[in-house]
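Me: Please look closely at one part of this structure, the part that is buried. I have not seen the structure before, so explain each term as it comes up.

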Amino acid sequence: QVQVVESGGGLVQPGGSLRLSCVVRGSFFSIYAMGWYRQAPGKQRELVAAATTGGNTNYADSVKGRFTLSRDLAENTVYLQMNSLKPEDTALYYCNAEVRVTISISRNNYWGQGTQVTVSS
């Protein structure tokens with residue numbers, strides 16, 4: 001069974017920083033990609049940043065230059081360093097992992113339960 005576990009959310013003032021962490025646990029063959037999505041009240045879930053094992057990383061235009069995604073492949077962990085936070089970054093942040101459980105099964109997406117990020121003075 002694959003589990004995606006997030007941590008690191010909280011309340012921060014505008015201009016502040018937070019670091020989110022996400023680890024994939026359980027028994028599986030490989031992880032193809034990991035990343036972060038967010039969903040604000042009344043809005044659709046959107047990509048924040050994601051990276052493949054091969055090193056390709058995509059960022060939403062709204063976070064480029066402020067957020068940095070990094071991966072620890074050995075620890076099955078991904079981090080999202082968020083700097084210069086704005087009130088519009090307030091949302092529930094979800095970690096996503098695209099995992100191949102066994103070599104004979106196609107990849108599936110697994111989601112964490114979400115961690116709240118609130119940017120407010």
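Reply: A polar contact is a pair of N or O atoms within 3.5 Å; within protein, one atom must be able to donate a hydrogen and the other to accept it, and residues adjacent in sequence count only if both atoms are side-chain atoms. The model is predicted: local features need pLDDT of at least 70 and side-chain atom pairs count only at pLDDT 80 or more, while totals for chains, interfaces and linings use all residues. Residues are numbered from 1 along each chain as its sequence is written, and side-chain values use heavy atoms, with hydrogens and water left out.

First, the whole chain. Its secondary structure consists of eleven strands and zero helices, where helices (H or I, at least four residues) and strands (E, at least two) are DSSP runs numbered from the N terminus. The radius of gyration, taken over C-alpha atoms, is compared with a globule rule of 2.2 Å times the number of residues to the power 0.38. For this chain of eleven strands, the radius is 14 Å, close to the 14 Å that the rule gives for 121 residues, so the chain is as compact as a globular protein of that length. The C-alpha trace spans about 50 × 25 × 25 Å along its principal axes.

Buried means under 20% relative accessible area and exposed means over 50%, with partly exposed in between (1.4 Å probe, protein chains only). By that measure 37% of the 121 residues count as buried. A contact means heavy atoms within 4.5 Å. Among contacts between residues at least 6 apart in sequence, 55% join residues at least 24 apart.

Now the interior itself. A nonpolar core is a set of buried Ala, Val, Leu, Ile, Met, Phe, Trp, Tyr and Cys residues joined through side-chain atoms within 4.5 Å. In soluble globular proteins, nonpolar side chains tend to be buried together. The largest core here has 29 residues, and those with the most contacts inside it are Val-24, Trp-36, Leu-80, Met-82 and Tyr-93. Two or more residues come from each of several strands, including S1 (2-7), S3 (18-26), S8 (77-82) and S11 (115-119). S9 gives the most to this core, with five residues.

Take Met-82 from that list. Leaving out residues up to four places away in sequence, Met-82 touches Gly-16, Ser-17, Leu-18, Leu-20, Arg-66, Phe-67, Tyr-93 and Val-117. Phe-67 is also tied to Met-82 through the backbone pattern, since Met-82 is its bridge partner in S8. Further along, Arg-71 stands opposite Val-78 in S8. In total, six bridges join the antiparallel strands S7 and S8; two strands pair if DSSP finds at least two bridges between them. S7 and S8 form a hairpin with four residues between them, and Asn-76 in the turn has a positive phi of about 50°. Asn-76 counts as partly exposed because its relative accessible area is 24%.

This hairpin belongs to an open sheet of four strands, paired antiparallel in the order S1-S3-S8-S7. S1 and S7 are the edge strands, each pairing on one side only.

Polar residues reach the interior as well. Arg-38 lies in strand S4 and is buried, with a relative accessible area of 6%. The side chain of Arg-38 makes a polar contact of 2.9 Å with the side chain of Tyr-93, and another of 3.3 Å with that of Ser-62. Among the residues that Arg-38 touches, beyond four places in sequence, are Gln-44, Val-48, Phe-67, Asp-89 and Leu-92.

Thr-115, in strand S11, is buried too, at 12% relative accessible area. Its side chain reaches the backbone nitrogen of Gly-9 at 3.2 Å. The residues that Thr-115 touches, beyond four places in sequence, include Glu-6, Leu-20, Trp-36 and Tyr-93.

Gly-35 is found in strand S4 and counts as buried at 2% relative accessibility. Beyond four places in sequence, Gly-35 touches Ala-49, Ala-50, Tyr-94, Cys-95 and Asn-96. Gly-35 and Glu-98 are 63 residues apart in sequence, yet 9.0 Å apart in space, C-alpha to C-alpha.
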